[in-house]
Amino acid sequence: MKKKGLIIKGKKGQHLNQREVNTISEGVVEGMLLFEVSTSGFKTNLTYNTEGLIPLCDFLQLQGMNRRLFVVLLRNIVLILKGIEKNRFSKDLLIWAVQSVYVDPSTWRVYMMYVPLQPYESTGNLKSFLLDTVAQCNFEAGEDIEYVQMLVQELNGVTAYTVGMLETYCDKVAESLLQQKGNTNRSGICSACGSKVNASEEVCPFCGKRILPRTTNASSKNTPAIDSEFWPEATKKSEPDAGEQKRSDISVNEDENGVVTVFRGSQRIVQSIWLEDCSQEGRVFITKFPFRIGKMEGVTDFRIFNNTVSRKHADILKEQGQYYICDLGSTNGTYLCGKRIQPGVKEPLTDGMIIEFANSKFKIHID
């Protein structure tokens, strides 16, 4: 039977980094999706094995999100990225899209796709990926998502979000989990993710690794222990209380920087205004205003790896509830629905419009 797989077709002129291929195939970097290499003429194709896994975007909708699951998923991401850094891989060669990150629904393990082809244009970054992940979470009814607000606030406050920042955030959330459980014995350490856990725990509540063998059931000693308190049925979808889903419970708050916070009751919902990349899978969530787009690292909120795009190409603005696009005098222009806009002139945006930054095409979504 043919295994389920996802194919990335290489382009002429791209070459394969054999060191990275060997390192991934040997399982040195935990959480890397395995692939097979084939050639077609002068092109290299990569077939990724996704058997038994589901895309993260689907998992986030199926599974009722809570604090424990949230930190488990992020701990997995931290482990993957630290492995990437340790083995001198480039994070730009990861596919930063929730559609292309996979989860084992039975264990909550996360797997990312790495493309060892060069040259290769990046599909995003850690910051945009985390914002997209948060936006697609299906939170449990009544879940206090203060911990999610804390992460989004951190992301809104920086241009580039680092692995170290994410690890520190996970430590904070993990500490609150331990306090909630009333753990006072912190001598237990998970060898996989380094989290402090109660010494009596059998499964790390933060990354899913087994800590102590289960002795209550000898017949299952070779089966990974899954504690139902930490690992509820992965595909079970929480049924929210009908009253919590009413439109009348929706409220909106906007701060002085134009960052919008939407609430359903006491539950925070991330604002849904984002760009869809028309040339490849991926979303860019707009989390602050003005939101600067261009190819220059460090001064843009979203970097487009395209030489036809100017260093500071355009801004997306928000004024009195209306969104606008403004070209910043770019060399090759900004186009709205096929028409080049005048530099310095704010043009209103509506849902579904096509925006082109030079020849990089995006679709704007405003929910």
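Leaving aside its neighbours within four places in sequence, which residues is aspartate 301 in contact with? In this predicted model, they are Lys288, Pro290, Phe291 and Arg292. Aspartate 301 sits in the loop that runs between strand S18 (291-294) and strand S19 (302-303). Its relative accessible area is 16%, so aspartate 301 counts as buried. The side chain of aspartate 301 also reaches the backbone nitrogen of arginine 292, at 2.8 Å.

## Nonpolar cores

The largest nonpolar core has 64 residues, and Met32, Phe70, Leu166 and Tyr169 are the ones that touch the most other members. Two or more residues of this core come from each of H1, strand S4 (43-49), helix H2 (56-62), H3, strand S7 (102-104), helix H4 (126-135), helix H5 (146-156) and H6. The element that gives the most is H3, with eleven residues.

Around leucine 166, with neighbours within four places in sequence left aside, the contacts are Leu74, Ile77, Val78, Leu126, Leu130 and Tyr161. A second core, separate from the one above, has 23 residues, among them Val284, Ile293, Ala358 and Ile364.

## Helix H3

How many of the 20 residues of H3 are buried? The count is 17, so the helix is largely enclosed by the rest of the structure. The length of H3 can be checked against its residue count: at 1.5 Å a residue, 20 residues should span 28 Å, and the end C-alpha atoms are indeed 28 Å apart.

At the start of H3, a side-chain oxygen of asparagine 66 comes to within 3.2 Å of the backbone nitrogen of arginine 68. At the other side, H3 is followed by arginine 88, which has a positive phi near 60°. Arginine 88 belongs to the loop between H3 and S7. With a relative accessible area of 64%, arginine 88 is exposed.

Most residues other than glycine have a negative phi. Arginine 88 departs from this with its positive value. Cysteine 337 is another residue other than glycine with a positive phi, near 55°. Cysteine 337 is placed in the loop between strand S22 (334-336) and S23.

## Salt bridges

The structure contains eight salt bridges. Three of them are listed here.

| Basic residue | Acidic residue | N to O distance |
|---|---|---|
| Arginine 109 | Glutamate 30 | 2.6 Å |
| Lysine 82 | Glutamate 167 | 3.0 Å |
| Lysine 91 | Glutamate 85 | 3.1 Å |

The side chains of arginine 109 and glutamate 30 meet in a salt bridge. This pair links distant parts of the chain, 79 residues apart: arginine 109 is in strand S8 (residues 109-111), while glutamate 30 is in the loop between helix H1 (18-25) and strand S3 (35-40). Arginine 109 counts as buried because its relative accessibility is 13%, under the 20% cut-off. Glutamate 30, at 37%, counts as partly exposed.

A salt bridge also joins lysine 82 and glutamate 167. Lysine 82 lies in helix H3 (residues 67-86) and glutamate 167 in helix H6 (residues 163-181), so this pair ties together parts that are 85 residues apart in sequence. Both residues are partly exposed: lysine 82 has a relative accessibility of 39%, and glutamate 167 has a relative accessible area of 22%.

In the third pair, lysine 91 forms its salt bridge with glutamate 85. Lysine 91 is partly exposed, at 30%, and glutamate 85 counts as partly exposed at 41%.

## The six-stranded sheet

What is the order of the strands in the open sheet of six? The order is S17-S16-S26-S25-S22-S23, and the pairing is antiparallel. Strand S17 (283-285) and strand S23 (339-340) are the edge strands, each pairing on one side only.

Strands of a sheet pair through backbone hydrogen bonds. Between strand S16 (residues 273-277) and strand S26 (residues 360-366), which run antiparallel, there are five bridges. For isoleucine 273, the bridge partner in S26 is isoleucine 366.

Conventions
Residues numbered from 1 in each chain as written. Predicted model: local features only at pLDDT ≥ 70, side-chain atom pairs only at ≥ 80, totals over all residues. Heavy atoms only, no water. Salt bridge = Lys/Arg side-chain N within 4 Å of Asp/Glu carboxyl O. Helix = DSSP H or I, 4+ residues; strand = E, 2+ residues; numbered from the N terminus. Buried < 20%, exposed > 50% of the residue type's maximum accessible area, 1.4 Å probe, protein only. Core = buried A, V, L, I, M, F, W, Y, C linked by side-chain atoms within 4.5 Å. Contact = heavy atoms within 4.5 Å. Expected span 1.5 Å × (residues − 1). Polar contact = N/O pair within 3.5 Å; in protein donor to acceptor, adjacent residues only side chain to side chain. Pairing = 2+ DSSP bridges.
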